[in-house]
Amino acid sequence: NNTYEFLNLPASARLTAMGGHLISVRDDDLSLALSNPSLLNPDMHQQIALSHNIFLGGINHGYVAYGHHAEKWNASLHAGLQYTTYGTFDAADEFGTITGEFKASEYAFVVGASRQVYEKLTFGANAKLITSQLETYNSVGLAADLGLFYQDTSGRFTASLVFKNAGAQLS
């Protein structure tokens, strides 16, 4: 039913601790931009996010990103790489004879931007180029995230609306 499920894995330990979703907290944590691009803000200027998770069975997942605020455009930007490597597997023929080894991995190259459109409302978008490799099988896809973030003037109430991973498998 789904493809590129690795995109739904949390991008940091903080996100994992919060159940995998934290879409309405706006601070200087750059990894939040992967969950909701409208959370990008000037406090993330020249920030680097780096996360690496080691799972059982040799599976690794991580996220690395860089944030930048472009004063000229009044926009906050980020670029990153989300990845999952599944380790090494034995390759076998139809009779079960081991013929070698192969690896499996998936990557998403992400670029995003956010801009405050009204005093209390920020809009953000991410674009993702996705690749998946399993033995001799390869896949390429595109996806996008759209987010809106609202914060009242007191800063005590926030709300977000996010559309995640809307896209298609191209090949």
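This is a dialogue about how to read the strands, turns and single residues of a predicted model.

Reader: I would like to begin with the sheet; how many strands form it, and in what order do they lie?

Author: In this predicted model, 7 strands form an open sheet, and they follow the order E1-E2-E3-E4-E5-E6-E7 with antiparallel pairing. The edge strands are E1, covering 48-54, and E7, covering 158-169, each of which pairs on one side only. If direction is ignored, neighbouring strands of this sheet are turned against each other by 15° on average.

Reader: Which residue is the bridge partner of Asn-53 in E2, and over how many bridges do E1 and E2 pair?

Author: E1 and E2, the latter made of residues 60-70, pair in the antiparallel sense over 7 bridges, and the bridge partner of Asn-53 in E2 is His-61. Phe-55 has its place in the loop between E1 and E2, and with 38% relative accessibility Phe-55 counts as partly exposed. To follow the chain onward from this loop, you may compare the C-alpha atoms of Phe-55 and Ala-70, which are 15 residues apart along the chain and separated by 37 Å.

Reader: Now to the other end of the sheet: how many bridges join E5 to E6, and how many join E6 to E7?

Author: Strand E5, residues 121-134, and strand E6, residues 137-151, pair in the antiparallel sense over 14 bridges, and in E6 the bridge partner of Ser-132 is Ser-139. E6 is joined to E7 by 10 bridges, again with the strands running antiparallel, and here Leu-142 has Ala-168 in E7 as its bridge partner.

Reader: What should I look for in the backbone of the turns between these strands?

Author: A useful general idea is that most residues other than glycine have a negative phi. In the hairpin of E5 and E6, which has 2 residues between the strands, Glu-135 in the turn has a positive phi of about 55°. The hairpin of E6 and E7 has 6 residues between its strands, and there Gly-155 takes a positive phi near 80°.

Reader: Where is Gln-46, what is its phi, and is the residue buried or exposed?

Author: Gln-46 lies in the loop between helix H2, residues 32-35, and E1, and although it is not glycine, its phi is positive, near 60°. Because its relative accessibility is 53%, and the cut-off for exposed is over 50%, Gln-46 counts as exposed.

Reader: In which loop is Asn-74 found, and what is its phi?

Author: Asn-74 is found in the loop between E2 and strand E3, the latter covering 75-92. Its phi is positive, about 50°, although Asn-74 is not a glycine. At 37% relative accessibility, Asn-74 counts as partly exposed.

Reader: Finally, how should I read His-69: where is its place, and is it buried or exposed?

Author: For a single residue one can look at its place, then its accessibility, and then its surroundings. His-69 has its place in strand E2, and its relative accessible area is 11%, so it is buried, the cut-off for buried being under 20%.

Reader: Which side chain makes a polar contact with that of His-69, and which residues does His-69 touch beyond its neighbours in sequence?

Author: The side chain of His-69 makes a polar contact, at 3.5 Å, with the side chain of Glu-71. Leaving aside neighbours within four places in sequence, His-69 is in contact with Pro-42, His-45, Asn-74, Ala-75 and Ser-76. Asn-74 in this list is the residue with the positive phi of about 50°.

Terms used:
Residues are numbered from 1 along each chain as its sequence is written. This is a predicted model: local features need pLDDT of at least 70, side-chain atom pairs count only at pLDDT 80 or more; totals for chains, interfaces and linings use all residues. Side-chain values use heavy atoms; hydrogens and water are left out. Two strands pair if DSSP finds at least two bridges between them. Helices (H or I, at least four residues) and strands (E, at least two) are DSSP runs, numbered from the N terminus. Axes are lines fitted to C-alpha atoms, for helices over the stretch in contact, and angles run from 0 to 180 degrees between N-to-C directions. Buried means under 20% relative accessible area, exposed over 50%, partly exposed in between (1.4 Å probe, protein chains only). A polar contact is a pair of N or O atoms within 3.5 Å; within protein, one must be able to donate a hydrogen and the other to accept it, and residues adjacent in sequence count only if both atoms are side-chain atoms. Contact means heavy atoms within 4.5 Å.
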